[in-house]
Amino acid sequence: MFSRLSQLTRHLTRPSITPLAAASSLAPPRSPLSQAAPPRMTSSAVENSRKTIHTAACLIIGDEVLGGKTIDTNSAFFAKYCFSLGIQLKRVEVIADDESEIIEAVRRMSDNYDFVVTSGGIGPTHDDITYESIAKAFGLKLQLHQPAFERMKKLSKPHPMQPKFDWDTPSPGLTAKLRMVELPHDERLPADQQAIFVADDMWVPIAVVNGNVHILPGVPRLFERLLESLKPALLPRLTNPDGKGIHRYLFSTPLPESAVAPYLTDLASRANPRGIKVGSYPRWGKKRNTVTLVGTDQDVLDSLVAEVEQNVQGKRVAQEDELDPPSDGE
């Protein structure tokens, strides 16, 4: 891997950038990336970036989540996000800030799912290794992303505890910031397909690797904002490009699960081939349980309402507790 000095000398061509090259030399060298292996799976990257999105996976990266220090809310947000767009979220995993685990998980998810999102590990500290690990997973190098760096300088606010920070003066703080704009780069793909800016007031790009792996920050407000802003770019690639997503019909029933199980088993065998999933959910401590129908074809769902209501002796509701008796209220 080229030294950080040669990287910056090559990619930061403005005269005022020279101090930045010096700043980068202050940081300890990162672990070398393989130079012998060609970019992995690049031949499918263009196809991955264009194909219809049916399935998704979410990879949460962070020791702080596994250690209980931080509660993961990003996977829950992503689940609702996918549901609203009609994308089937197939897998959510939480892994450590460990290079080998990141490499294995991101390769597998890229192979198996249409739309992959990672969360976490792209900050300025030593344990933020997501960019480097994902680059290594696909045989790529890290490269300073000039547009992201320029946006960072323009849009980020100076920290009150760094009053003397200067973009043109070498410092450990500057070196740390540069880590956040060194992205996986494939020389055989257009640059604008590898880093997407989705909001004019945000410098953080969504780095895209192998056409379907989208690298996002772990900070919930940034994660959510970037995903919402990415939505217009995803809509043309959805099964339902109008963005109406998946529909969930809820039925409240007074019957126990054991009583409705035979009917629901039969219903599922008939509904699954038509793209409808049947669910049954006990509500512990309550007098009514919930049956669900989930699918993208609203006409098929509508055609099943009367049948389900009759066979579970229940009623379609807007929310699970709609028919709860007053004594069940909190």
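Biologist: In this predicted model, which residue has a side chain joined by a polar contact to the side chain of Thr 290?

Modeller: Thr 290 belongs to strand E11, which covers residues 289–295. Beyond its neighbours within four places in sequence, its contacts include Leu 250, Phe 251 and Tyr 281. The side-chain partner in the polar contact, at 3.0 Å, is Glu 320.

Biologist: Is Thr 290 buried or exposed?

Modeller: The cut-off for a buried residue is under 20% relative accessible area. Thr 290 has a relative accessibility of 3%, and therefore counts as buried.

Biologist: What is the order of the strands in the open sheet of four strands?

Modeller: The pairing in this sheet is antiparallel. Strand E10 (277–281) and strand E12 (315–317) each have a single partner strand, so they stand at the edges. On average, neighbouring strands are turned by 30° against each other, direction ignored. The order is E10-E11-E9-E12.

Biologist: Which residue of E11 stands opposite Ser 280?

Modeller: E10 and E11 are paired in the antiparallel sense, over five bridges. Across from Ser 280, the residue in E11 is Val 291.

Biologist: Which helix packs on this sheet and touches strand E9, E10 and E11?

Modeller: The helix in question spans residues 257–271, and its direction makes about 165° with that of E10. Helix H12 (residues 298–311), for its part, lies across E9, E11 and E12 and runs at about 5° to E9. The helix touching E9 (247–253), E10 and E11 is H11.

Biologist: Which are the edge strands of the open sheet of six strands?

Modeller: That sheet has mixed pairing and the order E2-E1-E3-E8-E7-E6. An edge strand here pairs on one side only, and this applies to strand E2 (88–95) and strand E6 (195–196).

Biologist: How many bridges join strand E1 to strand E3?

Modeller: Strand E1 comprises residues 55–61 and strand E3 residues 115–119. Within this pair, Ile 60 stands opposite Ser 119 in E3. The two strands run parallel, and the bridges joining them number five.

Biologist: What angle does the direction of helix H10 make with that of E3?

Modeller: Two helices that pack on the six-stranded sheet can be described together. Helix H6 (residues 99–112) touches E1, E2, E3 and strand E8 (213–216), with its direction at about 175° to that of E2. Helix H10 (residues 220–234) touches E3, strand E7 (206–209) and E8, and its angle with E3 is about 160°.

Biologist: How many residues apart in sequence are the parts tied together by the aromatic pair of Phe 149 and Trp 167?

Modeller: The pair is edge-to-face, 6.0 Å centre to centre and with 80° between the planes. Both residues are buried. Phe 149 lies in helix H8 (residues 146–155) and Trp 167 in the loop between H8 and helix H9 (172–179), so the separation of the parts is 18 residues.

Biologist: Which other residue forms an edge-to-face aromatic pair with Trp 167?

Modeller: Trp 167 has a relative accessible area of 18% and is therefore buried. The residue asked for is partly exposed, because its relative accessibility is 22%. At 5.0 Å centre to centre and 85° between the planes, the partner is Phe 165.

Biologist: What percentage of the residues of the chain count as buried?

Modeller: The chain has twelve helices and twelve strands. Its accessible surface comes to about 16700 Å², with 54% belonging to carbon and sulfur atoms. Of its 330 residues, the buried share is 47%.

Definitions and conventions
Residues are numbered from 1 along each chain as its sequence is written. This is a predicted model: local features need pLDDT of at least 70, side-chain atom pairs count only at pLDDT 80 or more; totals for chains, interfaces and linings use all residues. Side-chain values use heavy atoms; hydrogens and water are left out. Buried means under 20% relative accessible area, exposed over 50%, partly exposed in between (1.4 Å probe, protein chains only). A polar contact is a pair of N or O atoms within 3.5 Å; within protein, one must be able to donate a hydrogen and the other to accept it, and residues adjacent in sequence count only if both atoms are side-chain atoms. Contact means heavy atoms within 4.5 Å. Two strands pair if DSSP finds at least two bridges between them. Axes are lines fitted to C-alpha atoms, for helices over the stretch in contact, and angles run from 0 to 180 degrees between N-to-C directions. Accessible areas come from the Shrake-Rupley method with a 1.4 Å probe; for residues, only the protein chains shown count as cover. Rings of Phe, Tyr and Trp (its six-membered ring) pair if their centres lie within 6.5 Å; planes under 30 degrees apart count as stacked, over 60 as edge-to-face and the rest as tilted.
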